[in-house]
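Here is a short tour of a protein chain for someone who likes to think in contacts, rings and angles. Take a moment to load the coordinates and have the residue numbering at hand.

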Amino acid sequence: MLYLASQSPRRRELLARLGQPFDCLDIDVPEQRQPGEPPEDYVRRVAREKAGAGLLQVMAIAGARVIGADTEVVLDDEVFGKPADAADAAAMLGRLSGRTHRVVSAVSLVSASREAQVVSISEVRFGDLDQRAIDAYVAGGEWQGKAGAYAIQGEAQRFIAHLSGSHSGVMGLPLYETARLLQQFDQGAAP
């Protein structure tokens, strides 16, 4: 049985697109970057920790496989997590305005006997945003619970001048990479 160590509606929706039945696990893993930890290493670690925490919940189930994922917005070397409040969201969007940032999405797949991981890195360039556009977006609330204060699948699409990489990865679960990971894991091959 496949389990998703997440309650994210986006990740559930995306994983369902792969056509494999799965159940969701409610896990609580601290998402805190360690001092000096490179952004990609941080995202990889959190995805691994989520998958591991999920596996601990289902270890007694034969054949259990658990997916853990993490997605973060990175500008220069700074990781933009989920904003604390509306002012923080507006500040993040202001800093992303007119610039290219990376979206790092890591997916870990674990079972009782193995572990594998893939990473998707996308580049997203925002157009120039004026304060009115930022304020209107923040007032709509879509930023809540979103890394970098935006949801590519929602109204923030209008901010994106260019995307190079995985649209689903920016949403929170890179489908191409996840499908290959599942296939290779089931075949016993390295991703």
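What follows is a walk through the nonpolar cores, the aromatic rings, the helices, the strands and two single residues.

## The nonpolar cores

A word before we start: this is a predicted model. A good place to begin is the largest nonpolar core, which holds 42 residues. Within this core, the residues with the most contacts are L15, I67, L93, F126, Y137 and Y150. Helix α3, residues 86-96, supplies the largest share of the core, namely five residues.

I67 is a handy residue to select in your viewer. Leaving aside residues up to four places away in sequence, I67 touches L2, Y3, L4, A5, L15, A51, V107, S108, L109, T178 and L182. There is also a second, separate core, made of eleven residues, with I27, V58, V66 and V110 among them.

## Aromatic rings

How many aromatic pairs does the structure hold? There are three. In one of them, F126 and F159 have ring centres 5.9 Å apart and planes at 55°, so this pair is tilted. The two partners come from distant parts of the chain, 33 residues apart: F126 belongs to strand β6 (residues 115-126), whereas F159 sits in the loop between α4 (131-140) and β7 (160-164). F126 has a relative accessibility of 1% and therefore counts as buried. F159 is buried too, with a relative accessible area of 4%.

F159 also pairs with Y137, this time edge-to-face, at 5.2 Å from centre to centre and 70° between the planes. Because Y137 lies in helix α4 and F159 in the loop between α4 and β7, this pair ties together parts that are 22 residues apart in sequence. Both Y137 and F159 are buried. Taken together, ring pairs link F126, Y137, Y150 and F159 into a cluster.

One more ring deserves a look, this time for its charged neighbour. The charged end of R114 sits over the ring of F185, at 4.3 Å from the ring's centre.

## Two helices to compare with expectation

Helix α2 covers residues 39-58, 20 residues in total. From its first C-alpha to its last, α2 reaches 29 Å, close to the 28 Å expected at 1.5 Å a residue. The buried residues of α2 are P39, Y42, V43, R45, V46, A47, K50, A51, G54, L55 and V58; note that R45 and K50 appear in that list. These buried residues pack against β1 (2-4), α1 (9-16), β3 (65-75), β4 (78-80), β5 (100-110) and β6.

Helix α6, residues 175-187, has 13 residues that should span 18 Å at 1.5 Å a residue, and its end C-alpha atoms are 18 Å apart, which agrees. L175, T178, L181, L182, Q184 and F185 are the buried residues of α6. What covers them includes β1, α1, β3, β5, β6 and α5 (167-171). After α6 comes G188, which has a positive phi, near 80°.

## Strand β5 and its partners

Strand β5 is mostly covered, with nine of its eleven residues buried. With β3, β5 pairs in the antiparallel sense over nine bridges, and here V66 stands opposite V110 of β5.

Which way do β5 and β6 run relative to each other, parallel or antiparallel? They run antiparallel, and eleven bridges join them. S108 stands opposite Q117 in β6. The two strands, β5 and β6, form a hairpin with four residues between them.

## Two residues to finish

F22 is found in strand β2, residues 22-24. Its relative accessibility is 18%, under the 20% cut-off, so F22 counts as buried. Leaving out residues up to four places away in sequence, F22 touches M1, L2, L4, R12, L15 and A16. The C-alpha atoms of F22 and T178 are separated by 14 Å, with their positions 156 residues apart along the chain.

R180 lies in helix α6. At 39% relative accessibility, R180 counts as partly exposed. The C-alpha atoms of R180 and L4 are separated by 16 Å, and the two residues are 176 residues apart along the chain.

Conventions:
Residues numbered from 1 in each chain as written. Predicted model: local features only at pLDDT ≥ 70, side-chain atom pairs only at ≥ 80, totals over all residues. Heavy atoms only, no water. Core = buried A, V, L, I, M, F, W, Y, C linked by side-chain atoms within 4.5 Å. Buried < 20%, exposed > 50% of the residue type's maximum accessible area, 1.4 Å probe, protein only. Contact = heavy atoms within 4.5 Å. Phe/Tyr/Trp six-rings, centres within 6.5 Å; stacked < 30°, edge-to-face > 60°. Lys NZ or Arg CZ within 6 Å of the ring centre and 35° of its normal. Expected span 1.5 Å × (residues − 1). Pairing = 2+ DSSP bridges.
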